[in-house]
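Student: I would like to understand how the words used to describe a structure are justified. Could we go through them one by one, setting each value against its cut-off?

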Amino acid sequence: MAICGPKLSLCGLIISAWGIVQLALMGIFYYVEAVALAEDVPKVEEYKSIEDFYSKMTHGYVQNAYNCWIAALLYLITLAFSAHQFWLNNRSSLSV
């Protein structure tokens with residue numbers, strides 16, 4: 001049963017593919033602790049020592065990396081749904 005039309009399913013395919021690429025790369029950059037992304041790491045205002053600062057920043061980077069990878073997996077589900085809808089729409093248009 002086709003829920004989406006052919007144009008919407010194609011749009012979902014394109015956006016999902018781009019979302020997977022972008023979020024997977026951002027997850028990798030967070031995981032290797034890219035300095036350019038330091039502003040997006042949640043910060044705690046008070047630190048007891050420099051080691052405490054480093055451990056909290058490392059934890060923030062890893063948490064953001066996991067969040068990006070989870071979002072990329074959700075885009076993968078959207079990609080599969082859009083591909084299925086695209087296939088259903090093309091199959092029904094060929095058999096008519």
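Tutor: Let us begin with serine 9, which is found in helix 1, and keep in mind that the model we are looking at is predicted.

Student: Why is serine 9 called buried?

Tutor: The relative accessibility of serine 9 is 1%, and buried means under 20%, so serine 9 counts as buried.

Student: What makes the link between the side chain of serine 9 and the backbone oxygen of glycine 5 a polar contact?

Tutor: The side chain of serine 9 reaches the backbone oxygen of glycine 5 at 3.0 Å, and a polar contact asks for a pair of N or O atoms within 3.5 Å, one able to donate a hydrogen and the other to accept it, so the distance falls within the limit.

Student: Which residues does serine 9 touch, not counting those up to four places away in sequence?

Tutor: Serine 9 touches Cys4, Ser82, Gln85, Phe86 and Asn89, where contact means heavy atoms within 4.5 Å. One of these, serine 82, is found in helix 2, and, leaving aside its neighbours within four places in sequence, serine 82 is in contact with Ser9, Gly12 and Leu13. Serine 82 has a relative accessible area of 6%, and because buried means under 20%, serine 82 is buried as well.

Student: How do you know that cysteine 4 is in no disulfide?

Tutor: A disulfide needs two cysteine sulfur atoms within 2.5 Å, and the count by this rule comes to zero. For cysteine 4, the nearest cysteine sulfur is that of cysteine 11, and it is 10 Å away, so the pair does not meet the limit. Likewise, cysteine 11 is in no disulfide, its nearest cysteine sulfur being that of cysteine 4.

Student: Are cysteine 4 and cysteine 11 described as buried or as partly exposed?

Tutor: Cysteine 4 is buried, with a relative accessible area of 16%, whereas cysteine 11, at 37% relative accessibility, counts as partly exposed, because partly exposed covers the values between 20% and 50%.

Student: What makes lysine 56 and aspartate 52 a salt bridge?

Tutor: Their closest N and O atoms are 3.6 Å apart, and the rule asks for a side-chain nitrogen of Lys or Arg within 4 Å of a carboxyl oxygen of Asp or Glu, so the pair qualifies. A search of the whole structure finds one salt bridge. Because lysine 56 and aspartate 52 are four residues apart in helix 2, they are separated by about one helical turn. Lysine 56 is partly exposed at 31% relative accessibility, while aspartate 52 counts as buried at 17%.

Student: Which residues make the nonpolar surface patch, and which helix gives the largest share?

Tutor: The patch, of about 1,200 Å², is made by Trp18, Val21, Leu25, Ile28, Phe29, Tyr31, Val32, Tyr66, Ile70, Leu74 and Ile77. Helix 1 (6–31) and helix 2 (50–95) each supply at least two of its residues, and the largest share, six residues, comes from helix 1. Isoleucine 70, for its part, lies in helix 2.

Student: Why is glutamate 33 called partly exposed?

Tutor: Glutamate 33 has a relative accessible area of 33%, and since partly exposed lies between 20% and 50%, the term applies to glutamate 33. Glutamate 33 lies in the loop between helix 1 and helix 2, and its phi is near 60°, a positive value in a residue other than glycine.

Definitions and conventions. Residues numbered from 1 in each chain as written. Predicted model: local features only at pLDDT ≥ 70, side-chain atom pairs only at ≥ 80, totals over all residues. Heavy atoms only, no water. Buried < 20%, exposed > 50% of the residue type's maximum accessible area, 1.4 Å probe, protein only. Patch = residues over 30% accessible without salt bridge, like charges linked within 9 Å, V, L, I, M, F, W, Y side chains within 5 Å. Areas by Shrake-Rupley, 256 points an atom, 1.4 Å probe, with all protein chains shown as cover.
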